Amino acid sequence: MTRMKLLGFLMAGLALVACGDDEVGNGGETGNELDGKQLGALTAAEADEVCDGLRGRFEAISKEDMCEATAAVLASVLGLECEEIKPECISAPEEPDQPEELDSCGASEFAGCTATVAETRACIAAMASTVEAVTCESDIATLAKPAECAALDEKCPGLFEDEEEETEEGP
């Protein structure tokens with residue numbers, strides 16, 4: 001169960017930032033006027049700006065780092081060989097974004113969330129750094145949710161949960 005939660009954390013983080021268009025707005029910049037604003041209070045345009053910036057941080061992760069983190073998780077969860085999965089991932093062609101992925105970040109996802117934009121940026125930056133630090137030799141504990149995400153966990157219930165986790169935990 002813990003391994004599935006870690007996989008869910010990684011996937012939820014990626015889903016949170018998989019929004020917007022290809023242009024990265026100032027949602028990722030520090031010192032932005034939106035930093036003190038709660039996610040749930042953002043307008044649709046502001047939420048799109050924040051999502052673009054958050055997504056930009058994950059887009060900065062190299063394909064090699066992303067593949068190595070994915071391979072490490074799959075190896076741990078499914079008992080596969082990380083060093084075998086990683087090259088397959090790296091050589092795989094890029095897949096275009098699916099329309100439902102583009103809708104996974106925005107004002108509707110932030111409803112009721114009282115975490116600030118700055119808290120969200122700190123969490124996403126820590127998550128991205130975690131992904132970049134994972135190697136095939138990493139212990140699965142390396143993928144534990146960063147402390148910087150505690151505010152989001154507390155102030156935005158359900159933001160890191162995905163449907164797979166909810167189904168596995170039962171009714």
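Student: Why is Lys 86 called buried?

Tutor: This is a predicted model, and in it Lys 86 has a relative accessibility of 12%. Buried means under 20%, so Lys 86 counts as buried.

Student: What makes Glu 64 and Lys 86 a salt bridge?

Tutor: Their side chains meet at 3.4 Å, N to O. The cut-off is within 4 Å, so the pair is a salt bridge.

Student: Why is this pair said to tie parts together?

Tutor: Glu 64 lies in helix 3 and Lys 86 in helix 4, so the salt bridge joins parts that are 22 residues apart in sequence.

Student: Is Glu 64 buried or partly exposed, and how do you know that?

Tutor: Glu 64 has 44% relative accessibility. Partly exposed covers what lies between 20% and 50%, so Glu 64 counts as partly exposed.

Student: Which residues does Glu 68 contact, leaving aside its neighbours within four places in sequence?

Tutor: Glu 68 is in contact with Cys 82, Lys 86, Val 134, Thr 135 and Cys 136. Glu 68 is placed in helix 3, residues 63-78.

Student: Why is Glu 68 called buried?

Tutor: Its relative accessible area is 10%. The limit for buried is under 20%, so Glu 68 is buried.

Student: What makes Glu 59 and Arg 55 a salt bridge?

Tutor: The closest N and O atoms of Glu 59 and Arg 55 are 2.6 Å apart. A salt bridge needs them within 4 Å, so the pair qualifies. Both residues lie in helix 2, 4 residues apart, about one turn of the helix. Asp 52 is linked with Arg 55 and Glu 59 in a network of salt bridges.

Student: How do you know which of Glu 59 and Arg 55 is buried and which is partly exposed?

Tutor: Arg 55 is at 7% relative accessibility, and buried means under 20%, so Arg 55 counts as buried. Glu 59 has a relative accessible area of 45%, which falls between 20% and 50%, so Glu 59 is partly exposed.

Student: What makes Glu 119 and Lys 155 a salt bridge?

Tutor: Their closest N and O atoms are 2.8 Å apart, and the cut-off is within 4 Å, so the pair is a salt bridge. Glu 119 lies in helix 6 and Lys 155 in helix 7 (residues 150-155), so parts 36 residues apart in sequence are tied together. Glu 119 is at 23% relative accessibility and Lys 155 is at 27%. Partly exposed runs between 20% and 50%, so Glu 119 counts as partly exposed, and so does Lys 155.

Student: How many salt bridges are found in the whole structure?

Tutor: The search finds 9 salt bridges.

Student: Why does Leu 54 count as buried?

Tutor: Leu 54 is at 3% relative accessibility, and the limit is under 20%, so Leu 54 counts as buried. Leu 54 lies in helix 2. Its C-alpha is 8.2 Å from that of Ala 125, although the two are 71 residues apart in sequence.

Student: Which residues touch the most other members of the largest nonpolar core?

Tutor: Leu 39, Leu 42, Phe 58 and Phe 110 do, in a core of 34 residues. Helix 2 (44-59), helix 3, helix 4 (82-91) and helix 6 (117-133) each give two or more residues to this core.

Student: How many helices and strands does the chain have?

Tutor: The chain has 8 helices and 0 strands. Buried residues make up 41% of its 171 residues.

Key. Residues numbered from 1 in each chain as written. Predicted model: local features only at pLDDT ≥ 70, side-chain atom pairs only at ≥ 80, totals over all residues. Heavy atoms only, no water. Buried < 20%, exposed > 50% of the residue type's maximum accessible area, 1.4 Å probe, protein only. Contact = heavy atoms within 4.5 Å. Core = buried A, V, L, I, M, F, W, Y, C linked by side-chain atoms within 4.5 Å.
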